[in-house]
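Colleague: Before we go through the rest of this model, could we take a close look at a single part of it, starting from the empty space inside and working outwards?

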Amino acid sequence: MKRIAVVGASLAGVRAAQELRAQGYDGGIVLIGSEAHLPYDRPPLSKGFLAGTASQASLELLDAGDLASLALDFRLGVQATALEPAARRVLLSDGGSVHADGVVIATGGQARTLPGFAAAHTLRTLDDALALRAALVPGVRVAIVGAGFIGAEVASTCRSLGLDVVVLEALAAPLAPVLGPELAAVCARLHADHGTDLRCGVRVEGMSEAGVHLADGSLVPADVVVVGVGMTPATDWLAGSGLTVGNGVHTDAGLVTELPQVVAVGDVARYAGRRHEHWTNASEQAPVAVANLLAGQTSRTYSPSGYVWSDQYAGTLQLAGHPRPDDTLSVVDGDLSSSSFAAVWQRDGATVGVFALNNAKLFNRLRRPLRQPAVA
């Protein structure tokens, strides 16, 4: 392969470029990014950067040494509009194109929006964070739709700025499908303990200058509205490419698509029937995808760690593994009412998941023997 195009300049794309060099590839690498910014890290957008305690420079994923050693051909501020496998070409929104013998799809996705919330903020990109940060002036009332990781982190940051916050969640408890009812109650307690008004089991209808309108006809007064209800994989540009898409780019367990010269990584990759939207997943997939791309076939398979973390208020939540709703949850240190504890999920006598609140040392020890799901 003389040239490889990496489509997507966030974490997954950068890690793929780094891994190409690490595995000995010395050909050309074109890194295509829809944003004009150099690659940056997203997790601080909802935390330190939003609060104004982290600078834009601190977000950069590549320093001067990285840029020199990787020798990337950046195409920033343009979108990939089509993939033409037969011509080995990626078409761009500025009318140009990139010829490539191999392609890494790392396009991630867009923040999901809701009908009736056209004026609401979302938080996916640096520009989103800049716009939201500018709106969080002293005295504004903030309403956040969605109590997932992003919604909770934004709520935490807003409370640290002294703002009144209401979080509106359709589920009976925040993150219940991921954590189960007992740990979801812990997350709800974090909100309550720090003065956030968490309202679960509510449906939103839309927003106006007055605030958020609920399905029961009531109004939640707000000056700033944030919608944090997940993301939609960026796959529209692949129409007509011959690749299978639908809730992501479909790949095998080695992150290889139907075309051996095309792999997918990060939030957009739906590997062996599942897709994960986590920082760790985006980082861990690159070695496997790149090895298979350079080999021209699936020689390695990807086993996800399932590791996720979230900084909320005074707490750091950590999760690893792949627990199911019918697994048995046991607290192994502290208790669920304390500010620091660790718990495990077990299935057939084996530990399949670990959760900790402010207990990183024990968490790291407990997660080592985790059973990995079969990926084949």
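Which residues line the largest cavity?

Modeller: The model is predicted, so local features need pLDDT of at least 70 and side-chain atom pairs count only at pLDDT 80 or more, while totals for chains, interfaces and linings use all residues. Residues are numbered from 1 along each chain as its sequence is written, and side-chain values use heavy atoms, with hydrogens and water left out.

The largest cavity is lined by L83, E84, P85, R88, A100, D101, V103, Q261 and V262. A cavity here is a set of points on a 1 Å grid over the protein atoms alone where a 1.4 Å probe fits but cannot get out, and a lining residue has an atom within 4 Å of a point. About 50 Å³ of space lies in this largest cavity, the volume being the space filled by probe spheres set on the points, which are joined across faces, edges and corners. Across the whole structure, the search finds 3 cavities of 30 Å³ or more.

Two sheets deserve attention when this lining is considered. One is an open sheet of 3 strands, ordered β4-β5-β6 with antiparallel pairing, where strands are DSSP runs of E of at least two residues, helices are runs of H or I of at least four, both numbered from the N terminus, and two strands pair if DSSP finds at least two bridges between them. Its edges are β4 (80-84) and β6 (97-99), each of which pairs on one side only, and the twist averages 20 degrees from one strand to the next. The angles are taken between N-to-C directions of lines fitted to C-alpha atoms, for helices over the stretch in contact, and run from 0 to 180 degrees. Within this sheet, β5 (residues 89-92) is joined to β6 by 3 bridges in the antiparallel sense, and V90 has V98 in β6 as its bridge partner.

The other is an open sheet of 5 strands with parallel pairing, in the order β3-β2-β1-β7-β18. Its edge strands, β3 (72-76) and β18 (262-264), each pair on one side only, and here the twist averages 15 degrees from one strand to the next. Strand β1 (residues 3-7) pairs with β2 (residues 28-33) in the parallel sense over 5 bridges, and A5 stands opposite V30 in β2. Helix α1 (residues 11-22) lies across β1, β2, β3 and β7 (102-105), and runs at about 175 degrees to β2.

The nonpolar interior can be followed from there. The largest nonpolar core, a set of buried Ala, Val, Leu, Ile, Met, Phe, Trp, Tyr and Cys residues joined through side-chain atoms within 4.5 Å, has 50 residues, among which I32, V90 and I105 touch the most other members. Helix α1 supplies the largest share of this core, with 6 residues. Beyond its neighbours within four places in sequence, I105 is in contact (heavy atoms within 4.5 Å) with V7, W237, L238, L243, V249, V262, V263, A264, V265 and V268. V262, which is one of the cavity-lining residues, is therefore also among the contacts of I105. A second, separate core of 40 residues includes V140, L317, F341 and F355.

Helix α9 (residues 286-295) brings further packing to the parallel sheet. It is largely enclosed by the rest of the structure, because 7 of its 10 residues are buried, meaning under 20% relative accessible area with a 1.4 Å probe and protein chains only. Those buried residues are A286, V288, A289, V290, A291, N292 and L293, and they pack against β1, α1, β7, β18 and α8 (279-284). Just after α9, G296 takes a positive phi of about 75 degrees.

One loop residue shares some contacts with this region. T235 lies in the loop between β16 (231-233) and β17 (249-251), and counts as buried because its relative accessibility is 11%. With residues up to four places away in sequence left out, T235 touches V245, G248, V249 and V268, and V249 and V268 also appear among the contacts of I105.

Definitions and conventions:
1 Å grid on protein atoms, 1.4 Å probe; cavity = no way out; pocket = protein on both sides within 12 Å on 5 of 7 lines; lining within 4 Å.
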